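Here are my notes on this one, jotted down as numbered points. Have the model open while you read.

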Amino acid sequence: MEPETIKILLLEDNQGQVDELKATAERLGEGNGIQTDFVVFPSLTAEVYEELVKEHFDFLVVDLSLSGDGMNHFS
């Protein structure tokens, strides 16, 4: 049986936290036949929106303390 793949978009500017999340997901998935496919962005850009439109993601993980560029992206 082929393992299930979960696709995750991760918006995080701290590489240490990215590495920790990837390692945790890999460890948790090993015994359960689950693989994770991460798409990582360090900041909110037009490329993130484009990725959301063209791809399907099972989960979105967003850093709530992400430093902004001074623009209000959600108005």
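1. Let's start with D37: buried, exposed or partly exposed? D37 comes out at 33% relative accessibility, so it counts as partly exposed, since the middle class runs between the 20% limit for buried and the 50% limit for exposed. Bear in mind throughout that this is a predicted model.

2. Where does D37 sit? The residue lies in strand 2. If you skip its neighbours within four places in sequence, D37 is in contact with T5, I6, K7 and I8. You may also want to look across to D58, which is 21 residues away along the chain; the C-alpha atoms of D37 and D58 are 9.9 Å apart.

3. K7, one of the contacts of D37, is worth a stop of its own. K7 lies in strand 1, and at 17% relative accessibility K7 counts as buried, because the cut-off for that label is under 20%. Leaving out neighbours within four places, the contact list of K7 takes in D37 and V39, and then E55, H56, F57, D58 and F59.

4. Who does the K7 side chain pair with? The partner is E55: the two side chains meet in a salt bridge, 2.9 Å from N to O. That pair ties together distant parts of the chain, with K7 in strand 1 and E55 in the loop between helix 2 and strand 3, 48 residues apart. The two ends differ in cover: K7 is buried at 17%, whereas E55 is partly exposed at 32%.

5. How many salt bridges does the structure hold? There are 2. Besides K7 and E55, K54 forms one with E51, with the closest N and O atoms 3.8 Å apart. This one is local, in that K54 and E51 both lie in helix 2, 3 residues apart, or about one turn of the helix. Again the cover is split: K54 is exposed at 58% relative accessibility, while E51 is buried at 14%.

6. Now for the inside. The largest nonpolar core has 7 residues, namely L9, L11, V39, F41, L44, V48 and F57. Strand 1 (4–11) and strand 2 (34–41) are the elements that give two or more residues to this core. A second, separate core has 6 residues, including I6, L10, V18 and A25. As background, nonpolar side chains in soluble globular proteins tend to be buried together.

7. Not every nonpolar side chain is tucked into a core, though: Y49, L52, L60, V62 and L64 form a nonpolar patch on the surface. Together these residues have about 510 Å² of accessible area. Helix 2 (46–54) and strand 3 (59–62) are the elements that give two or more residues to the patch, and L60 is found in strand 3.

8. Finally, the overall picture. The protein has 2 helices and 3 strands, which follow the pattern β-α-β-α-β along the sequence. Of the contacts with a separation of 6 or more, 78% are between residues 24 or more positions apart. Buried residues make up 24% of the 75 residues. The accessible surface of the protein comes to about 5600 Å², and 52% of that belongs to carbon and sulfur atoms.

Conventions: Residues are numbered from 1 along each chain as its sequence is written. This is a predicted model: local features need pLDDT of at least 70, side-chain atom pairs count only at pLDDT 80 or more; totals for chains, interfaces and linings use all residues. Side-chain values use heavy atoms; hydrogens and water are left out. A nonpolar core is a set of buried Ala, Val, Leu, Ile, Met, Phe, Trp, Tyr and Cys residues joined through side-chain atoms within 4.5 Å. Buried means under 20% relative accessible area, exposed over 50%, partly exposed in between (1.4 Å probe, protein chains only). Helices (H or I, at least four residues) and strands (E, at least two) are DSSP runs, numbered from the N terminus. Patches are made of residues with over 30% relative accessible area and no salt bridge: like charges are joined within 9 Å, nonpolar side chains (Val, Leu, Ile, Met, Phe, Trp, Tyr) within 5 Å. Accessible areas come from the Shrake-Rupley method with a 1.4 Å probe; for residues, only the protein chains shown count as cover. A salt bridge is a side-chain nitrogen of Lys or Arg within 4 Å of a carboxyl oxygen of Asp or Glu. Contact means heavy atoms within 4.5 Å.
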